[in-house]
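Work through the exercises below with the model open beside you. Try each task before you read its solution.

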Amino acid sequence: MKSSLKWVGIVLILIVTAACSQQEEESAPSGEAQGIEVQHELGTTTVPENPEDVVTLELGVTETVAALGIKPVGVADDDRPERIAESTMDVIEGYKSVGARSEPSLELIRTLQPDVIIADVDRHEAIYEELSAIAPTVAVVNDTADYQDVLTATETIGRALDREDETEELLDEHQEMRKDLKESLEDVEGNVLQAQYTESNIFEAPTSSFFMPSFLEEAGLEYALQNEEETSEDLTIEQLLKIDPDTLLLTKNEDDPSVKDQLQDDKLWNQLTAVKEDRVFELNHNDWSRRRSIPAVNERMDQMKEIFAARN
């Protein structure tokens, strides 16, 4: 009898213990185990589902976040909001500036209490741990990105924002536009070079490893400056003449004087094929260089068709 009672007591204790354990599990905060694992350039980070307060630290990242329908609470804008495209500003107006892309203010970011920070691996690797101490931080390639890097970054950002469906839609639309552009440029002959003329009489030319040139190649064009190691080369006018592109895309800031006007009496300049054939186009540097995103290149496709229409 005593033995039976003993075993009944043990069973009851086990039942009560199991019930208490289950109750503790059910009452534990549900958010601790939840989240989305995001693989990115600096590792794997768990971010919250449906993040609302996002800080973006690079212009192309900001454009992508806006295109996915999220208004970031903080943006590294170099204190130059005029560099932000109108299509992006329509979504993000009212954001808090967190300073320069190259050196964002950790103090300002901290006061915003973000759910997620999206950083650039080249600019922000040195402060990645400090950013991660503020909020889960995802790093992508943007500052030195080529076209494929931007496609990868777009997918990473979409996962970090829990907006994968919207990201797929954005990329599908982009690929349709790219396909249409490529078909319209099928008969274009000759090569193309992009460059920015500087006060020191140097042409800063992005190479085939940089975003817009690599996209031009993706659209079927021949890019004149191939370099798999560096994203930019400095060219003298003599070096530019050796390359002698058939089409020259000169990017400049809005307030800069016309390069064609500055060099109109230069003997070497006038020997360029692009100059002789009136194939020099002055373009907005912000749109063609600083903006490294799928929305940015989508907005340039009609302009590309116009530029190369004469060679079709």
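**Exercise 1. Find how strand 6 and strand 7 pair, and over how many bridges.**

Step 1. Locate strand 6 at residues 116-120. Helices (H or I, at least four residues) and strands (E, at least two) are DSSP runs, numbered from the N terminus.

Step 2. Compare the directions. Strand 6 and strand 7 pair in the parallel sense, over four bridges. Two strands pair if DSSP finds at least two bridges between them.

Step 3. Check one position. Asp120 stands opposite Val140 in strand 7.

Before going on, note the ground rules. This is a predicted model, in which local features need pLDDT of at least 70 and side-chain atom pairs count only at pLDDT 80 or more, while totals for chains, interfaces and linings use all residues. Residues are numbered from 1 along each chain as its sequence is written, and side-chain values use heavy atoms, with hydrogens and water left out.

**Exercise 2. Place the pair in its sheet: what is the order of the five strands, and which strands form the edges?**

Step 1. Read the order. The open sheet runs 5-4-3-6-7, with parallel pairing.

Step 2. Find the edges. They are strand 5 (96-97) and strand 7 (137-140), each of which pairs on one side only.

Step 3. Add the helices. Helix 2 (residues 59-67) packs on the sheet and touches strand 3 (54-56), strand 4 (74-75), strand 6 and strand 7. Contact means heavy atoms within 4.5 Å. The direction of helix 2 makes about 145 degrees with that of strand 3. Axes are lines fitted to C-alpha atoms, for helices over the stretch in contact, and angles run from 0 to 180 degrees between N-to-C directions. Helix 7 (residues 147-160) lies across strand 6 and strand 7, at about 170 degrees to strand 7.

**Exercise 3. Decide whether Val138 and Thr62 are buried or exposed.**

Step 1. Place them. Val138 lies in strand 7. Thr62 lies in helix 2.

Step 2. Apply the cut-offs. Buried means under 20% relative accessible area, exposed over 50%, partly exposed in between (1.4 Å probe, protein chains only). Val138 has 0% relative accessibility, so Val138 counts as buried. Thr62 is buried too, with a relative accessible area of 1%.

Step 3. List neighbours. Leaving aside those within four places in sequence, Val138 is in contact with nine residues, among them Val38, Thr45, Ile118 and Thr156. Thr45 is 93 residues from Val138 in sequence, yet their C-alpha atoms are 6.7 Å apart. Thr62 touches Thr56, Val75, Thr88 and Ile92, not counting residues up to four places away.

**Exercise 4. Follow strand 9 to its partners: which residues stand opposite Phe203?**

Step 1. Take strand 8 (residues 191-197). Two bridges join strand 8 to strand 9 (residues 203-206), and the two run antiparallel. Tyr197 stands opposite Phe203.

Step 2. Look at the hairpin of strand 8 and strand 9. Five residues lie between the strands, and Asn201 takes a positive phi near 60 degrees.

Step 3. Turn to strand 11 (residues 232-235). Four bridges join strand 9 to strand 11, again antiparallel. Here the partner of Phe203 is Leu235.

**Exercise 5. Describe how helix 9 packs against helix 14 and helix 7.**

Step 1. Start with helix 14 (residues 294-308). Helix 9 (residues 211-218) meets helix 14 at an angle of about 60 degrees, with axes 12 Å apart. That makes helix 9 oblique to helix 14. Angles under 35 degrees count as roughly parallel, over 145 as roughly antiparallel, 65 to 115 as roughly perpendicular and the rest as oblique.

Step 2. Name the contact. Phe211, Met212, Phe215 and Leu216 of helix 9 meet Val297, Arg300, Met301 and Met304 of helix 14.

Step 3. Move to helix 7. Helix 7 and helix 9 pack at about 100 degrees, with axes 7 Å apart. That makes helix 7 roughly perpendicular to helix 9. Tyr147, Gln148 and Val150 in helix 7 meet Phe211, Ser214, Phe215 and Glu218 in helix 9.

Step 4. Check the cover. Six of the eight residues of helix 9 are buried. Pro213 is one of them.
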